[in-house]
Each structure stands twice: as C-alpha cells, then as structure tokens.
Amino acid sequence: MTAPETRWRLHVDRDLCIGSGICAGLDPDQFTLVGGVSVATPAPVPPTGAAVDAAESCPVEAITVRDAADDHLIAPEP
Amino acid sequence: MTDTQVGTARPYPFGEPDRLNLHSAYAELRRQEPVTRVQLPFGEPAWLATRHADVKVVLGDPRFSRAASVGRDEPRTTHRQIGTGILAMDPPDHSRLRRLIAKAFTARRIETLRPEATAIANDLIDQMVAAGQSADLVERFSTPLPIMVICRLLGVPHTDQGLFRTWSEAIVSTTSLSPEQIQEYLANLHGYMAGLIAQRRVTPTDDLIGALVEVRDTDNDRLTEQEMVELAAGLLAAGHETTVTQISNFMYVLLTHPDRLAQLRADPELIPDAVEELLRYVPLGAAAAFARYATEDLELGGVHIRAGEPVIAALSSANRDAEVFDDPDELDFARGANPHVGFGHGVHHCVGAQLARMELQVALRTLLDRLPEVHLAVDAEELPWKSGLLVRGLRALPVAW
C-alpha cells in the first residue's frame with residue numbers, strides 16, 4: 001500500500017484572463033493560449049513549482065491551483 | 001523557406017523616429033518578408049519579426065531565451081547592454097524575482113490606488129487652472145502624476161523627485177546622455193535606493209521597498225542585495241518614464257484627432273477602450289529591442305532560425321497587423337477585443353501594466369472632465385520631440401483651455 005499521490009487541479013477564469021501569456025511562458029505543459037485566452041490542463045496534474053509561479057504571477061489573479069483531493073487553495077496566496 | 005545571407009541584412013532601425021509615425025517598411029515586411037535579417041548599430045546581426053503571430057511566439061515561447069543574451073554581443077541601438085537584471089533572466093530565476101513584486105501590481109491591488117491617483121490628477125489640474133489659461137502638460141501633469149503614484153507604491157519620498165527624475169533618464173537613454181553620464185546616473189539611482197533600503201532596516205515600512213527588505217532579511221536565498229537594489233531602482237525609473245511619456249503621447253494623438261477627442265468627451269465610458277486602442281496605436285518604442293535567443297533550431301514565419309540566433313520582436317508592427325486588426329492604421333475606440341502587445345507578451349509582460357492602465361485612464365478622464373475645451377496652444381508641427389531614447393515622446397506639450 002502506498003499513499004495516493006497528490007494531484008493538483010488548475011483553473012483559469014476566462015472572464016478575468018487578459019492573455020498576457022505569462023502562465024503559458026512559465027508552464028507551457030499546463031497552460032495554452034486558445035483564442036488569446038489561457039486554458040489550463042483540465043485533468044489533475046502532478047504538483048510543480050511552475051504552476052504555483054504561474055498563479056502567483058498572474059496580473060489579474062485569474063489562475064487557481066487547488067488540491068484535487070480536498071479542493072483546498074494552494075495558490076495564489078491572498 | 002528563405003535562406004538569407006548575413007550580407008543581405010537591412011540596417012535597423014529603418015530611420016530616425018518620426019514623431020509617432022511607424023516606418024512604412026514594417027507594413028511591407030509584414031506582407032512580404034515577415035521575419036527578416038537586420039543589423040542594428042551595435043551587436044551581432046539578428047532576425048526581426050514583424051507579424052503579430054510571430055511576435056507572440058518570440059515573446060511567449062520558452063524556446064526563446066533572454067538569459068541566453070548574457071555574454072553575447074546583443075543587437076541593440078546603444079553601445080551599452082540595455083536588458084540586464086530581471087530582463088536578462090528566464091524562468092525559474094525570473095519567476096523568483098517577479099513573484100516578489102507581482103503581488104503589488106495585480107489589478108486588484110492597483111484598483112485600490114485609483115482614488116488617490118484621481119485626487120492627485122485633480123490637484124495638478126487645480127494648480128494649472130489657478131496659474132493661468134495655458135500650461136505645458138508634460139511638466140505640469142504627465143510627469144508629476146505617475147511619479148507621485150509610483151513613489152506612493154514603493155515608499156519613495158516624492159519630494160526627492162528633483163534627484164531621481166534626472167537619473168531615471170539613464171534607463172531609457174540611447175544617445176541622449178553620454179556613456180559616462182549613464183554610468184553616473186545609474187550609480188546615483190542605485191545609491192539612492194540603497195539609502196532607502198538602509199532606512200527600512202532601522203524603521204520597517206509597509207510599502208513595496210519595505211516588503212522587499214523583509215524578504216531579503218528573512219530569506220537570504222530569495223533575493224540578493226544587488227538584485228533588491230536593482231529591482232527597486234528599476235521599478236522607480238520604469239514606473240514613471242514610460243507612463244509619463246504615454247500620457248502626453250495619448251493627449252497628442254487625441255488633440256490631433258478632433259473627431260476621436262469629441263467622441264470621448266461625449267461618452268467618457270469609452271475611456272478604458274480608448275486607452276487600449278491608444279496602447280495599440282501609439283508606437284512607444286523608438287525601435288524594437290531586447291532580442292530573444294533561440295535555444296533550439298525552429299521555424300518562424302517561414303524562416304529557419306538556428307539555435308543561438310537572436311530574434312527581435314517588433315511590438316509596434318504587431319499592433320498594426322491587418323491579420324488581427326481591421327483597418328490597423330485607424331484609431332478606432334469601438335474595436336471590442338483588442339489583443340495588442342503594447343505591454344509585451346509572455347513572462348516579461350510589463351509588470352506595471354495594470355498600474356499604467358489605471359493611470360492612463362485616470363489621466364484622460366480627469367483632463368477631459370476638468371478641461372473640456374483643452375486644445376494645443378501651438379501648431380502640432382511645432383511640438384518638440386525627444387531623441388536619443390528607447391521611447392518616443394514629447395519634450396513639451398503646450399495646451400490651453
């Protein structure tokens with residue numbers, strides 16, 4: 001028996017996103033610009049520093065990183 | 001596929017900046033040779049990308065690096081290296097520094113400064129009106145407004161602006177200052193900032209400089225002393241040089257486009273869209289700069305770029321790309337979506353973008369509200385333009401009301 005691996009759920013609020021491209025530049029595996037707006041990988045992803053950097057660097061705080069198991073907010077800091 | 005020889009590189013910039021007019025060569029290149037070989041006055045030959053789509057790739061794709069410019073003879077319009085510090089870093093190093101300041105510049109935080117910025121703008125206009133019927137907008141309004149706001153945000157006494165206003169020109173100077181002056185002014189700016197930092201080690205403050213000092217002194221690994229000094233000095237200088245210039249540039253465009261000015265006066269709710277359109281329309285940069293180095297072989301705009309070659313992204317040209325903007329040379333406040341790259345794109349997207357937006361909105365709204373009859377006090381052809389800078393801007397903008 002091993003503990004279930006932690007997974008994160010990433011989300012971009014399309015209404016807030018201004019398409020700065022910061023997140024897609026920081027973490028191109030998880031964020032892609034579609035029609036000028038960022039879209040995050042829909043499925044839960046393994047934890048990475050880049051995803052936290054993306055959420056903390058977003059100028060309009062459109063990105064959230066949450067624990068996929070219990071939904072608690074990992075980034076951005078308030 | 002184009003196989004261009006180094007010998008065919010065009011001289012770049014295409015000419016001296018002519019007010020806010022974008023050189024016609026950009027439109028020709030977008031149509032015929034969107035990624036072309038250029039030679040700048042200093043540094044190695046480069047590729048120049050002129051289309052919106054290619055510019056976004058150069059700025060946004062991690063296969064292009066700013067850190068790789070370090071140690072290279074970077075293509076540039078001045079003898080010195082201009083993109084240093086945080087502007088010469090890639091993630092994750094870049095993220096480490098950017099995260100320390102990004103929080104202070106989010107849309108939410110900047111919005112809390114809007115009432116104070118509006119009060120400052122009104123106060124400046126009160127002073128102008130009390131003094132007469134005409135004034136130089138650059139000196140009396142466009143310059144003090146962003147300086148007082150960035151001073152408030154950073155925690156710099158605005159009463160010191162007589163000092164740092166002079167020194168700040170060093171960060172945007174190409175030939176306006178001698179190499180010795182640039183060195184001296186940058187050293188002065190850094191020394192001044194080191195002084196403010198030292199004060200905060202005695203008496204902590206809750207401004208941005210105070211926050212950087214706290215990070216530095218509690219977590220040594222996140223920020224070196226030199227990084228902190230350069231970051232704070234860079235924010236002070238960049239935090240006003242660009243917005244100071246754009247407030248006057250925007251007013252110049254409006255005062256020379258009476259129909260658009262009348263439209264804004266009639267419907268001030270258009271101001272946020274007008275600011276976005278002016279950010280697209282006004283070519284702030286005198287020339288494209290800050291080359292990105294390809295980290296692997298790749299294709300861009302039909303051209304083969306080899307690993308290690310520098311590419312320069314022409315933001316002002318991308319903002320006039322007819323593939324993205326209908327009638328791109330028209331000033332149109334009703335475009336709706338406006339995906340301009342006036343603040344850049346990708347990880348180096350202007351950290352002060354939301355601050356600049358707010359200040360530009362406040363500036364236009366307050367000027368049009370308080371001075372409904374504002375007009376140029378001299379013929380537009382007589383206005384003096386600055387030269388020898390990375391940016392295009394007016395030396396003076398005499399207006400009457």
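**Close-up views of chains A and B**

**View 1. Burial and overall dimensions of chain A.** Of the 78 residues in chain A, 40% are buried (20 or more other C-beta atoms, placed from the backbone, within 10 Å of the residue's own). The structure is a predicted model, in which local features need pLDDT of at least 70 and side-chain atom pairs count only at pLDDT 80 or more, while totals for chains, interfaces and linings use all residues. Residues are numbered from 1 along each chain as its sequence is written, and chains are lettered from A in the order in which they are written. The C-alpha atoms of chain A fill a box of roughly 45 × 25 × 20 Å along the principal axes.

**View 2. Helix 10 of chain B and its cover.** In helix 10 (residues 208-218; helices are DSSP runs of H or I with at least four residues, strands runs of E with at least two, numbered from the N terminus), the buried residues are B:Leu208, B:Ile209, B:Leu212, B:Val213 and B:Arg216. These residues fall within an arc of 140° seen down the helix axis, so they line one face of the helix (the arc is that of the directions from the axis to the C-beta atoms). Their cover includes helix 3 (93-102), helix 7 (144-154), helix 9 (179-202) and helix 11 (225-255) of chain B.

**View 3. The open sheet of chain B.** Six strands with mixed pairing follow the order 1-2-3-9-6-4, where pairing requires at least two DSSP bridges between two strands. Strand 1 (10-11) and strand 4 (64-65) are the edge strands, each pairing on one side only. Strand 4 runs antiparallel to strand 6 (residues 292-294), joined by two bridges, and B:Phe64 stands opposite B:Ala294 of strand 6.

Definitions and conventions:
Buried ≥ 20, exposed ≤ 12 C-beta atoms within 10 Å, placed from the backbone. Contact = placed C-beta atoms within 7 Å.
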